[in-house]
Amino acid sequence: MIFWNDRLYADDKVSRHLARYQKRVERKGFPKGFCVVLGDNPENSLEVYSSRTPWFRYQREQGVHIVGLATNYDRALKLVQQIVSDVYRENGMVDSEKIREYFA
């Protein structure tokens, strides 16, 4: 199951057509697309997956909490950087717990 966060971060290309890209991910991904997700392990804060990864059997059973969507890997890393800087700006520190609170 795929969970979309209300504070979804997206690169400029995705943000123009957000609903279209979300449907593509839900319909087994789009080529060269990447998702930023909250880590399965509470010790991991963020992970970057291919947009097709949420459809692996394990991921479907566990559920994927998507907090960012980008059209390529470099843009996904920029989203991670932006998320970390926003969490730091809001809390004064960054760790797994603060990131999870930010997206709660």
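**Exercise 1. The salt bridge of Asp 12 and Arg 75**

Task: In this predicted model, the side chains of Asp 12 and Arg 75 meet in a salt bridge. Determine the N to O distance of the pair and which parts of the structure the pair ties together.

Solution.
Step 1. The N to O distance between Asp 12 and Arg 75 is 3.2 Å, which satisfies the requirement of lying within 4 Å.
Step 2. Asp 12 belongs to helix H1 and Arg 75 to helix H4, so the salt bridge joins parts that are 63 residues apart in sequence.
Step 3. Asp 12 is partly exposed, at 48% relative accessibility. Arg 75 is likewise classed as partly exposed, with a relative accessible area of 31%.

**Exercise 2. From a pair to a network**

Task: Identify which residues are linked with Arg 75 in a network of salt bridges, and state where Asp 11 lies.

Solution.
Step 1. Arg 75 forms a salt bridge with Asp 11, and the closest N and O atoms are 3.5 Å apart.
Step 2. Asp 11 is in the loop between strand E1 (2-10) and H1, while Arg 75 is in helix H4 (residues 73-91), so this pair ties together parts 64 residues apart in sequence.
Step 3. Asp 11 has a relative accessibility of 7% and counts as buried, since the cut-off for burial is under 20%.
Step 4. Arg 75 bridges to Asp 12 and to Asp 11; accordingly, Asp 11, Asp 12 and Arg 75 are linked in a network.

**Exercise 3. A salt bridge in helix H4**

Task: The structure holds 3 salt bridges, one of which joins Asp 86 and Arg 89. Establish how the two residues are placed in helix H4, and whether each is buried or exposed.

Solution.
Step 1. The closest N and O atoms of Asp 86 and Arg 89 are 2.9 Å apart.
Step 2. The two residues are 3 residues apart in helix H4, which means that about one helical turn separates Asp 86 from Arg 89.
Step 3. Asp 86 is buried, with a relative accessible area of 15%, whereas Arg 89 is exposed at 61% relative accessibility.

**Exercise 4. Two surface patches**

Task: Name the residues that gather in the patch of positive charge and those that form the nonpolar patch, and assign helices where possible.

Solution.
Step 1. The positive patch on the surface consists of Lys 13, Arg 16, Arg 20 and Arg 24.
Step 2. Helix H1 (12-16) and helix H2 (18-26) each contribute at least two residues of this patch.
Step 3. Arg 16, one of the patch residues, lies in helix H1. Its relative accessible area of 58% makes Arg 16 exposed, because the cut-off is over 50%.
Step 4. The nonpolar patch on the surface is formed by Val 84, Tyr 88 and Val 94, which together have about 250 Å² of accessible area. Of these residues, Tyr 88 lies in helix H4.

**Exercise 5. Sequence separation and distance in space**

Task: Compare sequence separation with C-alpha to C-alpha distance for Ser 45 and Asp 95 and for Phe 30 and Asp 12.

Solution.
Step 1. Ser 45 is located in the loop between strand E2 (34-38) and strand E3 (46-50) and is partly exposed at 22% relative accessibility.
Step 2. Ser 45 and Asp 95 are 50 residues apart in sequence, with a C-alpha to C-alpha distance of 7.1 Å.
Step 3. Phe 30 occupies the loop between H2 and E2 and counts as buried, at 6% relative accessibility.
Step 4. Phe 30 and Asp 12 are 18 residues apart in sequence, and their C-alpha atoms are 16 Å apart.

**Exercise 6. Confidence of the model**

Task: State the average pLDDT of the protein chain and which elements have the lowest and the highest mean values.

Solution.
Step 1. The chain averages a pLDDT of 86, and 96% of the residues score at least 70.
Step 2. Among the elements, helix H3 (residues 57-62) has the lowest mean pLDDT, 71, and H4 the highest, 93.

Notes:
Residues numbered from 1 in each chain as written. Predicted model: local features only at pLDDT ≥ 70, side-chain atom pairs only at ≥ 80, totals over all residues. Heavy atoms only, no water. Patch = residues over 30% accessible without salt bridge, like charges linked within 9 Å, V, L, I, M, F, W, Y side chains within 5 Å. Areas by Shrake-Rupley, 256 points an atom, 1.4 Å probe, with all protein chains shown as cover. Lys, Arg positive; Asp, Glu negative; His and termini not counted. Charge placed at Lys NZ, Arg CZ, Asp CG, Glu CD. Helix = DSSP H or I, 4+ residues; strand = E, 2+ residues; numbered from the N terminus. Buried < 20%, exposed > 50% of the residue type's maximum accessible area, 1.4 Å probe, protein only. pLDDT = per-residue confidence, 0-100.
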